[in-house]
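Got the viewer open? Let's take a walk through this predicted model, one selection at a time.

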Amino acid sequence: MKLDANTIAALAEHLETCELEARDTPKITDEHPEMDWDDAYAIQNEIRRRKLARGQRIIGLKAGLTSHAKMKQMGVTTPVFGFMADNFALPEGGECKVSELIHPKVEPEIAFVTKRALKGPGCHIAAVLAATDFVLPGIEVIDSRYRDFKFDLKSVVADNTSASRFVVGGRALPASEVDLRTVGIVLEKNGEPVAFGAGAAVLGHPAAAIAMLANHLGARGEEIPAGTLILSGGITEAVAVQAGDAVTLKVQGMGSVGLRFV
């Protein structure tokens, strides 16, 4: 690590305040170009500690920048991982207040719920599928705290991978009943298709993202507990939204899930 504990705490407070007050900031590596991966995840962990200290619960995990489309869009080459707090969850068909966000975008995802713990190193797709209780459609609302959505990988990790809101719904299926590589998705905005894709866009198989998350945590002595909800990463490029938009994700054989922006 390159940053001291006081700097990590100050950066976590700064980024979380930007989240809570819906205001943007230049990426933190502008001021701290020396920060490394351990610093970035330490800042994210401090944001999580701050939320827990205020009585919030961590209800899920997420992988980000897992599709080739997203990597190209954001100019990066490596997936990143974050957490989801309870106030990020929206009800199916519910409202998302844009006044609470800076510049929201939506991503179509496949969500996993585990029935057994997953721990790396050495976690692989088959292990993930064996430990999965069910999968279901999910929409993640990402909202980077960085000005103009411009950041580098370490900055976005520190910012909890742009996590802000999410909704899951549709028809939950055992992982054995769907080919997650070929399953097709359509993302609609105001009734018009705006993005198409298949599960293989996420690292060849969405479960690969979960395996990478388990291995990432395993290197830190942690695991994915049983009963964890995990968003496996955007299948397509993120789509910008604004007040008045209605977004629906349709997943082949798994129904649909949607939300409205107000």
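Start with the residues that line the largest cavity: six of them are nonpolar, four are polar and three are charged. The cavity they surround has a volume of about 140 Å³. To get to the middle, select Gln44, Asn45, Arg48, His216 and Leu217, which are the closest to the centre among the 13 lining residues. Now colour by element: α2 (37–53), β2 (80–85) and α6 (206–218) each give two or more residues to this lining. Which element gives the most? That's α2, with four residues. By the rule used here, there are three cavities of 30 Å³ or more.

**Next stop: Gln44**

Keep Gln44 selected and follow the chain around it; you're in helix α2. Is Gln44 buried or exposed? Its relative accessibility is 4%, so it counts as buried, as the cut-off for that is under 20%. Show its neighbours and you'll find Phe81, Gly82 and Phe83, along with Val157, Ala158, Asn160 and Thr161, all touching Gln44. Try a distance label from Gln44 to Thr161: their C-alpha atoms are 8.8 Å apart in space, although 117 residues separate them in sequence.

**Into the core**

Here's a handy rule of thumb: in soluble globular proteins, nonpolar side chains tend to be buried together. Select Ile43, Val106, Ile224 and Leu259; of the 70 residues in the largest nonpolar core, these touch the most other members. The element that gives the most to this core is α6, with seven residues. Zoom in on Ile224 and look for its contacts farther along the chain, including Leu61, Thr114, Arg116, Ile210, Leu213, Leu217 and Ile230. Another core, of ten residues, lies apart from the largest one; pick out Met84, Ala85, Phe88 and Phe166 to see some of its members.

**A stretch with a label**

Now select residues 103–258, where UniProt, in an unreviewed entry, places the feature "domain: Fumarylacetoacetase-like C-terminal". Switch to cartoon view: this stretch is 17% helix and 35% strand. How far apart are its end C-alpha atoms? They are 19 Å apart.

**Last stop: Glu237**

Finish at Glu237, in the loop between β9 (229–231) and β10 (239–240). Turn on the surface: with a relative accessibility of 41%, Glu237 counts as partly exposed, because that value falls between the 20% and 50% cut-offs. Then draw one more line, from Glu237 to Pro137: the two are 100 residues apart in sequence and 16 Å apart in space, C-alpha to C-alpha.

Conventions. Residues numbered from 1 in each chain as written. Predicted model: local features only at pLDDT ≥ 70, side-chain atom pairs only at ≥ 80, totals over all residues. Heavy atoms only, no water. 1 Å grid on protein atoms, 1.4 Å probe; cavity = no way out; pocket = protein on both sides within 12 Å on 5 of 7 lines; lining within 4 Å. Points joined across faces, edges and corners; volume = space filled by probe spheres on them. Nonpolar A, V, L, I, M, F, W, Y, C, P; charged D, E, K, R; others polar. Buried < 20%, exposed > 50% of the residue type's maximum accessible area, 1.4 Å probe, protein only. UniProt positions renumbered as here; feature names shortened; annotations may be inferred. Core = buried A, V, L, I, M, F, W, Y, C linked by side-chain atoms within 4.5 Å. Contact = heavy atoms within 4.5 Å. Lists of a residue's contacts leave out its neighbours within four places in sequence.
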